[in-house]
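Trainee: Got a minute? I'd like to go through this model with you.
Mentor: Sure, put it up.

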Amino acid sequence: MRSAAGVLAASGGLVWWAGLNALDPLVLVPFACLSVVWVASWAATPLAGPEARRMLAESGREPAALPASVALPAAGAGCLIGLLLTASAVGLVNVTNWHGHWLLPSPFTAAAAGLASLSASLLVAWWSMLVAMDSPDAHGARVAMRVRFAIGLGVWVAAREYAPVEWTEWLARQATTHGIARLTLLGALAALVVSWWLSKVAARRVVGWAAGPGGGS
C-alpha cells in the first residue's frame, strides 16, 4: 500500500513540478529510473547479516544461483514500478492538460525510459546486494545504500555545476529525442555489462560462504 502511495505521490510531484515538460526525454527517462529506490531495499535485505547469509547458503539450492534468485525478481519488480511511475505521470499530464486528444511521449522516449529503468534496476540490484553482504544486518545495509545514493546525487550535482563548458555544450546538442534515446541505449548497455560482472562477484562470494566453515559464517 505504501509503495502504491509512493508511486502516485512521485508521479503527481513530477507533473506539478514539470508540467508538460514531464513528457520530455530529459525528464521522463531519469524519472523512470526511480525504480532503483525500491530495488536497493529489496535486493539488499535478504543477503544482509551473517544469519541471512548462513540461511541462504544452507537452503539446499545451488549456492551460485542464490544471488540471481534475489536480484532478478527485485530488479523485475522495480522495473515494473518504474514503468508504472512513468505511465502514471503521463496519465496525470493528460488529466491536467486535456484538450481533446492524448499527449504522449514519442515512441523513442518511451522505449528509452523502459530500457533505462530495466538496466538501472539490474545494476542497483547487484550493487546493493554486494553492499549488503558487507553489512552487519538489514538495517545497516539500507543505511549504507542511502549513504551511497546521497554521495552519487552529490557527485551528479557537482558534475552539472562544475563540468567544462565544452561538455555541457555537447550534452545540449544531444538533447533531442533521438539523441537522448541514443545516449540511453549506450548507458543501458554499459549498465548491463557492469551488472553481469557484479553478478559474477556475488556468485563467487556466496559459493565461498557455502564452502567455508559453518556454511560461510
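Mentor: We'll take the overall fold, then the helix contacts, then a few single residues.

Trainee: Before that, what kind of model is this, and how are residues numbered?
Mentor: This is a predicted model, where local features need pLDDT of at least 70, side-chain atom pairs count only at pLDDT 80 or more, and totals for chains, interfaces and linings use all residues. Residues are numbered from 1 along each chain as its sequence is written, and side-chain values use heavy atoms, with hydrogens and water left out.

Trainee: How many helices and strands does the protein chain have?
Mentor: Nine helices and zero strands. Both are DSSP runs numbered from the N terminus: helices are H or I with at least four residues, strands are E with at least two.

Trainee: And how much of the chain is buried?
Mentor: Buried residues make up 41% of the 217 residues. Buried means under 20% relative accessible area, exposed means over 50%, and partly exposed is in between, with a 1.4 Å probe and protein chains only.

Trainee: What share of the contacts comes from residues 24 or more positions apart?
Mentor: They account for 81% of the contacts with a separation of 6 or more. Contact means heavy atoms within 4.5 Å.

Trainee: Let's do packing. At what angle do helix 3 and helix 5 cross?
Mentor: Roughly 155°, with the axes coming within 8 Å. Helix 3 covers residues 35–44 and helix 5 covers residues 66–96. Axes are lines fitted to C-alpha atoms, for helices over the stretch in contact, and angles run from 0 to 180 degrees between N-to-C directions.

Trainee: So are they roughly parallel or antiparallel?
Mentor: Helix 3 and helix 5 are therefore roughly antiparallel to each other. That label needs an angle over 145 degrees; under 35 is roughly parallel, 65 to 115 roughly perpendicular, and the rest oblique.

Trainee: Which residues meet there?
Mentor: From helix 3, S35, W38, V39, W42 and A43. They meet helix 5 residues including V70, A74, G78, C79 and L85. The contact divides into 11 nonpolar, three polar and no charged residues. Here Ala, Val, Leu, Ile, Met, Phe, Trp, Tyr, Cys and Pro count as nonpolar, Asp, Glu, Lys and Arg as charged, and the others, Gly among them, as polar.

Trainee: What about helix 5 against helix 6?
Mentor: They pack at about 145°, with axes 8 Å apart. Helix 6 spans residues 107–133. On the helix 5 side, the contact includes P67, A71, G78 and C79. On the helix 6 side, it includes G114, S121, W126 and M129. By class, that contact has 13 nonpolar, five polar and no charged residues.

Trainee: C79 keeps turning up. Is it buried or exposed?
Mentor: Buried, at 9% relative accessibility.

Trainee: How many disulfides are there?
Mentor: Zero. A disulfide is a pair of cysteine sulfur atoms within 2.5 Å. The sulfur of C33 is 9.2 Å from the closest cysteine sulfur, in C79, so that is too far for a bond.

Trainee: Switching to helix 2. Which residues are buried there?
Mentor: P25, V27, L28, V29, F31 and A32. That is six of the eight residues in helix 2 (residues 25–32), so helix 2 is largely enclosed by the rest of the structure.

Trainee: Last one, helix 9. Where do H178 and S195 stand?
Mentor: H178 is found in helix 9, residues 177–211. H178 is partly exposed, at 48% relative accessible area. Its C-alpha is separated by 6.9 Å from that of F108, 70 residues apart along the chain. S195 is also in helix 9. S195 is buried, at 4%.

Trainee: What does S195 touch?
Mentor: S119, L122, L123 and W126, not counting residues up to four places away in sequence.
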